[in-house]
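Me: I am in my first year and would like a close look at a single part of this model, explained step by step. Please take one helix and its surroundings, and then follow the connections outward from there.

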Amino acid sequence: MNTQNPNIAITAENITKSFGDFVAVDHISFEVKKGEIFGFLGANGAGKTTAMKMFCGLSVPTFGNASVAGFDVYHETEKIKRNIGYMSQKFSLYGNLTVKENLEFFGGIYGIPRKELKTKSAELIKELGLEQEKNKLVSQLPLGWKQKLAFSVAIFHQPEIVFLDEPTGGVDPVTRRQFWSMIYDAADRGITIFVTTHYMDEAEYCDRVSIMVDGKIAALNTPSNLKKQFNAVTMDDVFYELARGAKRTE
């Protein structure tokens, strides 16, 4: 794969992560195009989060090669971190800080100049409809609002790529649709989206999806092509066929 291709945001070639004898991510290879919404799907424990940590510069691969935003995952992890955004389902914001304080804190970490940060914070608070809640502790916000704010913070500095780890877990269907509308808006602004989820219906929102089964990429294509390939009506059906095939080969 050509890691110097200016149209490619992420490359992975035989990336592997082992913990002793256990292989969590097993020789996965793919490319993600710039501006693409790339779904990284699979059941819990399939290896999605472990792989994402390597691409975010938080974990070193055991084997293979990869680059993120043009930077090597072995030797340029700090440069990777400066050019990406990251949102985790478990932790993204400080609950003991207000909405405004979280924006100021993360904006400072991202190196946004103070004057610009003040303007951007006010604009974002207005855009999210949080003017009345800006001085509330984040812990007091409903989960859906926390997730929307966390995503907005993750792209506050206009990164090249944003990694979203199970971003819609636990939120209601209406909030999930609203959240995906925000993802589309970010992609329209040129941000590459790399999203993990175990909700197979969310695959329909992605340009392409990779489906992980037992640490390996079992399928990778557009949602429509995958449904044709497996003669399936939904992405749930595709995943069921892949999981069933994996069991037969055990």
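Reply: Please keep in mind throughout that this is a predicted model. The part I have chosen is helix 5, which covers residues 143-154, and a sensible first step is to check its length. At 1.5 Å a residue, the 12 residues of helix 5 should span 16 Å, and the end C-alpha atoms are indeed 16 Å apart, so the expected and computed values agree.

The next step is to ask how helix 5 is placed, and here the count is informative, because 9 of its 12 residues are buried and the helix is therefore largely enclosed by the rest of the structure. A residue counts as buried when its relative accessible area is under 20%. The buried residues of helix 5 are Gly144, Gln147, Lys148, Leu149, Ala150, Phe151, Ser152, Val153 and Ala154. What covers them includes strand 6, helix 3 (99-109), helix 4 (114-128), strand 7 and helix 6.

Two of these covering elements, strand 6 and strand 7, are also partners of one another, for they pair in the parallel sense over 5 bridges. Within this pairing, methionine 87 has leucine 164 in strand 7 as its bridge partner. Strand 6 (residues 84-88) has 4 of its 5 residues buried, so this strand, too, is largely enclosed by the rest of the structure.

Helix 5 also takes part in the lining of the largest pocket, to which helix 2 (77-82), strand 6, helix 3 and helix 5 each supply at least two residues. The space in the largest pocket comes to about 510 Å³. Its lining is made up of 18 residues, and those that lie nearest the centre of the pocket are Lys81, Tyr86, Phe106, Ile109 and Tyr110.

Helix 6, another of the elements that cover helix 5, leads us to the charged side chains. The structure holds 8 salt bridges, and in one of them the side chains of arginine 176 and glutamate 202 meet, with a distance of 3.0 Å from N to O. This pair links distant parts of the chain, since arginine 176 belongs to helix 6 (residues 173-188), while glutamate 202 sits in the loop between strand 8 (192-197) and strand 9, 26 residues apart. Arginine 176 and glutamate 202 are both buried, and salt bridges with shared partners join Arg176, Asp201 and Glu202 into one network.

A second salt bridge brings together the side chains of glutamate 36 and arginine 208, at 2.6 Å from N to O. Here the two residues are 172 residues apart in the chain, with glutamate 36 in the loop between strand 2 (22-33) and strand 3 (37-42), and arginine 208 in strand 9 (residues 208-213). Both glutamate 36 and arginine 208 are buried.

A third salt bridge, between lysine 79 and glutamate 76, has its closest N and O atoms 3.8 Å apart. Lysine 79 has a relative accessible area of 37%, which means that this residue is partly exposed, and glutamate 76, at 24% relative accessibility, also counts as partly exposed.

To put the picture of helix 5 together again, its buried residues are covered by elements including strand 6, strand 7 and helix 6, and the helix supplies at least two residues to the lining of the largest pocket.

Terms used: Residues numbered from 1 in each chain as written. Predicted model: local features only at pLDDT ≥ 70, side-chain atom pairs only at ≥ 80, totals over all residues. Heavy atoms only, no water. Buried < 20%, exposed > 50% of the residue type's maximum accessible area, 1.4 Å probe, protein only. Pairing = 2+ DSSP bridges. Salt bridge = Lys/Arg side-chain N within 4 Å of Asp/Glu carboxyl O. Expected span 1.5 Å × (residues − 1). Contact = heavy atoms within 4.5 Å. 1 Å grid on protein atoms, 1.4 Å probe; cavity = no way out; pocket = protein on both sides within 12 Å on 5 of 7 lines; lining within 4 Å. Points joined across faces, edges and corners; volume = space filled by probe spheres on them.
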